Amino acid sequence: MGSFDLLQLKGVSRRDFMKLIAATTAALGLPELMIPRAAGAVEQALKKPPVIWLEGMDCTGCTESALATLNPSPAELILDMLSIRYHETIMAGSGLTADEAYQSALKENFILVVEGACPAKEDRFCMVGGKPFRKTLIETAQKAQVIIAVGSCASEGAGIPGACATGAVGVAEILRNAGINKTVINLPCCPVKPTTLIGTLVYYLTYQKAPALDSQNRPVAFYGSLLHDNCPRRGHFENGEFLTDWNDPLQKEYCLILKGCKGPKTYTDCAQVWWNDNANFCINAGSPCAGCSEKDFYNGFSPLYSKQEMFKLPGIGHINADTVGIVIGGAAAVGLGVHLVATAASGRLSNKDHKEDM
Ligand code: SF4
């Protein structure tokens with residue numbers, strides 16, 4: 001069966017396919033002339049490069065996220081194309097059959113996707129099939145053509161497992177400790193967004209290399225902008241309108257900074273690309289950003305609904321969340337005006353740790 005026969009069976013027309021490729025290349029900031037090359041790379045992928053998808057200490061949320069947005073969704077399109085040979089949550093086989101599938105894929109030029117964290121010291125916290133997950137991860141990563149860590153847990157060991165007493169860390173740290181010097185592409189967020197995974201795979205298939213990564217090894221295309229700068233509630237922030245009472249309908253759309261929003265510290269495209277086929281994202285649904293794309297999530301940002309300690313406002317200096325409104329309101333009172341302060345403060349809540357290494 002040819003590549004597009006497979007797509008047509010799934011109700012995906014050539015036109016829809018090219019639209020997906022165009023949207024993905026645009027999201028990655030690639031020039032239009034790359035569209036045929038990207039399409040060619042994905043068509044090649046239809047010949048099914050094998051994928052081993054390992055799960056460590058996780059909730060399977062990233063699998064759910066990647067697979068639940070469909071009909072046909074980009075996730076289905078790409079993941080089917082990639083031929084997932086081993087995935088404990090979705091594969092039909094179990095026991096010896098599953099292990100045979102794993103061993104067989106291990107002999108090929110496979111892509112490794114890792115979901116979930118890994119205990120760095122005590123293997124007993126994560127055993128799969130009677131074997132320490134850490135050992136399986138190391139063995140698999142050594143042979144993989146590319147390693148992609150999906151979700152907060154696998155990336156930098158952030159996430160709920162990393163907040164517990166298990167000593168859970170991310171894929172990169174496990175490999176570093178084992179003396180393996182391979183790049184791990186981190187795609188954090190709890191869970192990963194399908195568009196982020198697809199975009200990264202399309203880039204990799206097109207160029208046979210990782211996209212430009214930032215200091216946390218996240219693709220700059222998806223993690224290069226500060227959520228706060230693109231937030232739909234930003235106007236209320238500028239106006240000093242902060243939600244303090246969840247039950248007050250007048251405050252419904254107000255800035256959530258006093259309720260613990262981590263948007264000023266969080267690099268992600270969440271405000272531009274939403275979850276569940278663009279149905280929604282946290283802040284739009286009324287929840288403060290938990291900062292799940294950052295390595296400080298969860299422990300460093302908890303409790304999630306508490307105010308952040310300090311912000312840096314160029315031209316104003318360090319202030320804490322309690323004084324944000326006072327600073328902006330006070331400046332207006334002495335004649336600077338909210339607009340002037342807003343201008344001075346545009347893009348001002350900086351994350352000094354964010355460095356792009358293009
Ligand atoms: Fe949006 Fe949060 Fe920034 Fe307020 S603090 S504008 S809710 S990102």
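**Reading the labels in this model**

User: Which residues does threonine 196 touch, not counting residues up to four places away in sequence?
Analyst: Threonine 196 touches Leu187, Phe222 and Tyr223. Keep in mind that this is a predicted model. Threonine 196 itself lies in helix α11, residues 194-207.

User: Is threonine 196 buried or exposed, and what makes it so?
Analyst: Its relative accessibility is 2%. Buried means under 20%. The value 2% falls under that cut-off, so threonine 196 counts as buried.

User: Where is leucine 226 found?
Analyst: Leucine 226 is in the loop between α12 (220-223) and α13 (227-230). Its relative accessible area is 5%, so leucine 226 is buried. In space, its C-alpha is 7.2 Å from that of lysine 265. In sequence, these two are 39 residues apart.

User: How many disulfides are there, and how do you know?
Analyst: The count is 0. Take cysteine 270 as a test. The nearest cysteine sulfur to cysteine 270 belongs to cysteine 189, 4.5 Å away. A disulfide needs two cysteine sulfur atoms within 2.5 Å, so this pair does not qualify.

User: Why is cysteine 270 called what it is, buried or exposed?
Analyst: Cysteine 270 has 7% relative accessibility, so it counts as buried. Cysteine 255, at 8%, also counts as buried.

User: How many aromatic pairs does the count give?
Analyst: It gives 5 aromatic pairs. One of them joins tyrosine 86 and tyrosine 102.

User: Why does the pair of tyrosine 86 and tyrosine 102 get its label, tilted?
Analyst: Check the distance first. The ring centres are 5.3 Å apart, and a pair needs centres within 6.5 Å. Now the angle. The planes stand at 55°. Under 30 degrees would be stacked and over 60 would be edge-to-face. The angle fits neither, so the pair is tilted.

User: What parts of the chain does this pair link?
Analyst: It links distant parts. Tyrosine 86 is in strand β2 (residues 84-87) and tyrosine 102 is in helix α6 (residues 95-106), 16 residues apart. Tyrosine 86 is at 10% relative accessibility, so it counts as buried. Tyrosine 102 has a relative accessible area of 4%, so it is buried.

User: What makes the pair of phenylalanine 297 and tyrosine 298 edge-to-face?
Analyst: The ring centres are 5.8 Å apart and the planes stand at 80°. Edge-to-face starts over 60 degrees, so the label fits.

User: Why is tyrosine 298 called partly exposed?
Analyst: Tyrosine 298 is at 27% relative accessibility. Partly exposed lies between under 20% and over 50%, so 27% belongs there. Phenylalanine 297, at 6%, is buried.

User: Which ring does the charged end of lysine 193 sit over?
Analyst: It sits over the ring of tryptophan 275, 4.8 Å from its centre. Arginine 124 has its charged end over the ring of phenylalanine 125, 4.5 Å from the centre.

User: What share of the chain is buried?
Analyst: Buried residues make up 48% of the 358 residues. The chain has 17 helices and 13 strands.

User: How do you know where to read the coordinates with caution?
Analyst: Look at the confidence. The chain averages a pLDDT of 80, and 76% of the residues score at least 70. Over residues 329-358, however, the pLDDT is below 50. Where pLDDT is low, the predicted coordinates should not be read in detail.

Key:
Residues are numbered from 1 along each chain as its sequence is written. This is a predicted model: local features need pLDDT of at least 70, side-chain atom pairs count only at pLDDT 80 or more; totals for chains, interfaces and linings use all residues. Side-chain values use heavy atoms; hydrogens and water are left out. Buried means under 20% relative accessible area, exposed over 50%, partly exposed in between (1.4 Å probe, protein chains only). Rings of Phe, Tyr and Trp (its six-membered ring) pair if their centres lie within 6.5 Å; planes under 30 degrees apart count as stacked, over 60 as edge-to-face and the rest as tilted. Helices (H or I, at least four residues) and strands (E, at least two) are DSSP runs, numbered from the N terminus. A charge sits over a ring if NZ of Lys or CZ of Arg is within 6 Å of the ring centre and within 35 degrees of the ring normal. Contact means heavy atoms within 4.5 Å. pLDDT is the predictor's confidence in each residue, from 0 to 100.
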